[in-house]
Amino acid sequence: MSLLIAVTVFVTPSISIAQEEGVEEKAIYIPINPPFVVNYGGVGRLRYLKAEITVRVQDTLAADSIRHHLPLIRNNLVLLFSKQLEEDIETQKGKEKLRLDALEEVKDILLAEDEREGVVDLYFESFVIQR
């Protein structure tokens, strides 16, 4: 029992000192599951988009916010993906623009809901379109 108390006493101050000195925590990756599967492209033949997404956050508070607001994040990303036109996402430049738009959407949600920043980036782990 005394060993546990001693470890707690010696470890706890070093953690708070590291946080006070501005030592950054390692990046945290939050997968957004399940993968997104949406129709896109407007009228005419049905087209499908499947995307697996991971969000990189800077700390555990941002990670908790992402997890808490996951239904809203998924809803807004489904709407964003489904309004894409084929010509918008068939090029690498178009896919990168969509990735950046999705990143901004996630950042905006955390800012509006929790007044929190902390989303570093958003990655497509896979991105498949069927025309």
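**Exercises on a three-stranded sheet**

Helix 2 (residues 60–68) lies across strand 1, strand 2 and strand 3 and runs at about 30° to strand 1. Contact means heavy atoms within 4.5 Å; angles run from 0 to 180 degrees between N-to-C directions, with axes fitted to C-alpha atoms, for helices over the stretch in contact. Helices (H or I, at least four residues) and strands (E, at least two) are DSSP runs, numbered from the N terminus.

The model is predicted: local features need pLDDT of at least 70, side-chain atom pairs count only at pLDDT 80 or more, and totals for chains, interfaces and linings use all residues. Residues are numbered from 1 along each chain as its sequence is written, and side-chain values use heavy atoms, leaving out hydrogens and water.

**Exercise 1.** Find the strand order and the edges of the sheet.

*Solution.* Start with the order: the open sheet of 3 strands reads 1-2-3, with antiparallel pairing (two strands pair if DSSP finds at least two bridges between them). Next, strand 1 (28–40) and strand 3 (119–130) are the edge strands, each pairing on one side only. Neighbouring strands are turned by 15° against each other on average, direction ignored.

**Exercise 2.** Examine how strand 2 meets strand 3.

*Solution.* Strand 2 and strand 3 pair in the antiparallel sense over 10 bridges. Then look at Val 57, which stands opposite Val 119 in strand 3.

**Exercise 3.** Locate Tyr 48 and decide whether this residue is buried or exposed.

*Solution.* Tyr 48 sits in strand 2 (residues 47–57). Its relative accessible area is 33%, so Tyr 48 is partly exposed (buried is under 20%, exposed over 50%, partly exposed in between, with a 1.4 Å probe and protein chains only).
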